[in-house]
Amino acid sequence: MISASTAPPLLSVRDVDVHYGQICAVRAASLEVAAGEVVTLIGANGAGKSSLINAICRLRDCGRGHVAFRGSDIGARRADELPGLGLVQVPEGRRVFGRLTVMENLRLGAFCRTAPRKELEAELDAVLTLFPRLAERREQAAGTLSGGEQQMLAIGRGLMARPAMLLLDEPSMGLAPRIIDVIYGAIAAIAARGVSLLIVEQNAFLALELAQRAYVMEAGAITLSGPAAALMDDERIRAAYLG
Ligand code: ATP
């Protein structure tokens, strides 16, 4: 039997670089997420977090780096193939389809699946149970939802792909504290079901409270990593991100 400590990580990122023309936004970034683990990537505005997530999801070139998911290099995969492998991004800014209804957005999240209709309907029910607000607004155009409701929809759409791992890019961005609590309550429930999570956050406190491990990104490089509880107590982190 393979013990948890020797099992390959679910996601392995090695020496990834991201360039925008002459600008180097990410430099030799490496990180890992184990199956069932919740990991956060924190850092200030412009540190390179979204660029790294986009490189993992094949929306940006990785430079000389490598990304492996479930032990296989995904460097040759297209972005739209990744949900079918179980790797799903919930992008910064939600990116819901504004003219489509809540239900249409959710059904689109299952584009990669060939599951029987009954199974997809059960999945839809599970998402609507997790986010009752979406059930109330099921026939509403997504563009008319509040920011918090759109975030719920973006997460729900991601869940419809039945991910082994969700990459959540700034799920708390621009939301009122009361709504952030709802969103993070749902994220904790998703983690409790065994879905692995990589959460990018500027709101370091929230993410460190939920995560088991954390990476800190500064000016394009990962400068610190360790157990989330230890980073929460680290003077440098407290000064830079926790006020
Ligand atoms: P934020 O929390 O504000 O999203 P971030 O840590 O996710 O910040 P990135 O969005 O990855 O950081 O940006 C990293 C750097 O790359 C910044 O200097 C940014 O200006 C630059 N950058 C990002 N996207 C582009 C782009 N499309 N073209 C040129 N430069 C970009």
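A polar contact is a pair of N or O atoms within 3.5 Å. With that idea in hand, the ligand is a good place to start reading this predicted model. A backbone N or O atom of serine 50 sits 2.8 Å from an oxygen atom of the ligand, a distance that falls within the 3.5 Å cut-off. The neighbouring entry in the numbering, serine 51, takes part through its side chain instead: an N or O atom there is 2.5 Å from a ligand oxygen atom. Glutamate 170 also contributes through its side chain, where an N or O atom lies 3.0 Å from an oxygen atom of the ligand. As for cover, the ligand taken alone would expose 630 Å², and the protein buries 62% of that area.

The wider surroundings of the ligand can be described next. There are 14 residues around the ligand, and those that come nearest are Asn45, Gly46, Lys49, Ser50 and Ser51. By chemical character, the shell holds six polar residues, four charged residues and four nonpolar ones. Among the elements of the fold, helix α1, which spans residues 49-56, gives the most to this shell, supplying three residues.

Away from the ligand, two helices make a helpful example of packing. Helix α6 covers residues 147-159 and helix α7 covers residues 177-192; the two pack with their axes 10 Å apart, at an angle of about 10 degrees. Angles under 35 degrees count as roughly parallel, and α6 and α7 are therefore roughly parallel to each other. The crossing in which α6 passes α7 is right-handed.

Finally, two loops each hold a residue whose backbone is worth a look. Arginine 162 is found in the loop between α6 and β7, the latter being residues 165-169. The phi angle of arginine 162 is near 55 degrees, which is a positive value in a residue other than glycine. The second case is alanine 219, placed in the loop that runs between β9 (213-218) and β10 (221-227). Here too phi is positive in a residue other than glycine, with a value near 45 degrees for alanine 219.

Methods. Residues numbered from 1 in each chain as written. Predicted model: local features only at pLDDT ≥ 70, side-chain atom pairs only at ≥ 80, totals over all residues. Heavy atoms only, no water. Near = heavy atom within 4 Å. Polar contact = N/O pair within 3.5 Å; in protein donor to acceptor, adjacent residues only side chain to side chain. Areas by Shrake-Rupley, 256 points an atom, 1.4 Å probe, with all protein chains shown as cover. Helix = DSSP H or I, 4+ residues; strand = E, 2+ residues; numbered from the N terminus. Nonpolar A, V, L, I, M, F, W, Y, C, P; charged D, E, K, R; others polar. Axes fitted to C-alpha atoms, helices over the stretch in contact; angles between N-to-C directions. Parallel < 35°, antiparallel > 145°, perpendicular 65-115°, else oblique. Left-handed = near helix turned anticlockwise from the far one by under 90°.
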